[in-house]
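Hello,

Here is the structure I promised to pass on. Please open it first, and then read my notes below.

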Amino acid sequence: MDVELIDLHVHTTASDGTMTPEKTVFYAARSGLRAVAITDHDTVDGLPEALEAGLRAGIEVVPGVELSVDYPGQMHILGYYVDPENSKLSRELAGLKGNRDRRNPKIVAKLRQLGFDINMDEVIRESGGVIVGRPHFAAVLKKKGYVTCVDEAFDLYLGAGKPAYVKKDKISPDQGIQMILNSGGIPVLAHPGYLKVNCGEEFELLIGELQERGLLGIEAYYTTHTAEQTAYYVAMAALKGLLVTGGSDFHGDNKPHISIGKGGGDLVVRYDLLAKMKNIWSKKRTGT
Ligand code: AMP
Ligand code: ZN
Ligand code: FE
Ligand code: FE
């Protein structure tokens, strides 16, 4: 067992994962990880429970969040060491939840139009009641036998451009970065492989713009990145003086093909990446 392994991208029941924050942290420890970051979508609600569990499980827990921002393809910004008690952050996250709450009934209406027997209460129950996202709709469709797996629900109905897709109002990349910086966090571009931007000049330009806004890192190591993509993102981070991070995007049974710490099987994220991030974080805090 390599005690230097970590995972900096993990979801719990606070958003659309299927394990509670406490269970996730103990599971990460049992899986041999030295540190785990909890990065739920649009919420910090799971962080107190996760941090407390970390003390008992003997694993370092990094408080985090993952924000969806408006950009072609799918742009997500991870925020590490955000302060869950920050009241401005809480207000802004409540606004993001409002965007979801306006979108979700529209998804139900579309699914019902497609002939599925589904209602909002069932989906809210499936979600545990706070952040309701598309994986929860997928889970209900699966339980009712309309699809065989979560992926099928996205491929046929819930994915972008599919018949039950509803666009969500999103904040701009700049707003997402500021939200994280204002609450003391470190903003990192999540899974750049999902962006509709090719590696090369276009990506370098984008990174430059985000960096001007305050971006501090790139998630180079990620479950679906190829070795070539990872090498490219690591090189870009080095060129720009940005941090490198990595994680699996573990969601429990909502993404059964992703293992914590291991991704699809060959993900390797080492503790030294976190050590560098903590270094930057403490310099930021002390203003040195
Ligand atoms: P939402 O925030 O409600 O738009 O849902 C986003 C969640 O759905 C994230 O966890 C994504 O990883 C997940 N997701 C998006 N597309 C797919 C897909 N094609 N298959 C499975 N999960 C997906
Ligand atoms: Zn998710
Ligand atoms: Fe993401
Ligand atoms: Fe994620």
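Asp249 counts as buried, at 3% relative accessibility. Please keep in mind that this is a predicted model. Asp249 (OD) is one of the donors of the iron ion (ligand 4), together with His9 (NE2), His11 (NE2) and Glu66 (OE), at 2.0 to 2.2 Å. Along the chain, these donors follow the spacing H-x1-H-x54-E-x182-D. His9 sits in strand 1 (residues 6-10), while Asp249 belongs to the loop between strand 7 (243-247) and helix 10 (271-286), so the pair ties together parts that are 240 residues apart in sequence. His9 is buried too, with a relative accessible area of 0%.

Why is the arrangement around this ion irregular? The four donor atoms subtend angles of 81 to 168 degrees, and for a tetrahedral site all angles would have to lie between 85 and 135 degrees.

Now for the neighbouring metals. The zinc ion (ligand 2) is 4.7 Å from the iron ion (ligand 4). Glu66 bridges the iron ion (ligand 4) and the iron ion (ligand 3), and these two ions lie 3.3 Å apart.

Which protein donors does the iron ion (ligand 3) have? They are Glu66 (OE), His76 (ND1) and His191 (NE2), lying 2.0 to 2.2 Å from the ion, with the sequence spacing E-x9-H-x114-H. Glu66 is in strand 3 (residues 60-69) and His191 in the loop between strand 5 (186-189) and helix 8 (201-213), a pair that links distant parts of the chain, 125 residues apart. Both Glu66 and His191 are buried.

Best wishes

How values were computed. Residues are numbered from 1 along each chain as its sequence is written. Chains are lettered from A and ligands numbered from 1 in the order in which they are written. This is a predicted model: local features need pLDDT of at least 70, side-chain atom pairs count only at pLDDT 80 or more; totals for chains, interfaces and linings use all residues. Side-chain values use heavy atoms; hydrogens and water are left out. Donors are N, O and S atoms within 2.8 Å of the metal (3.2 Å for Na, K and Ca); water is not among the atoms, so sites may look incomplete. Four donors count as tetrahedral if all angles lie between 85 and 135 degrees; four count as square planar and six as octahedral if opposite donors are over 155 degrees apart and all others between 65 and 115; anything else is irregular. Helices (H or I, at least four residues) and strands (E, at least two) are DSSP runs, numbered from the N terminus. Buried means under 20% relative accessible area, exposed over 50%, partly exposed in between (1.4 Å probe, protein chains only).
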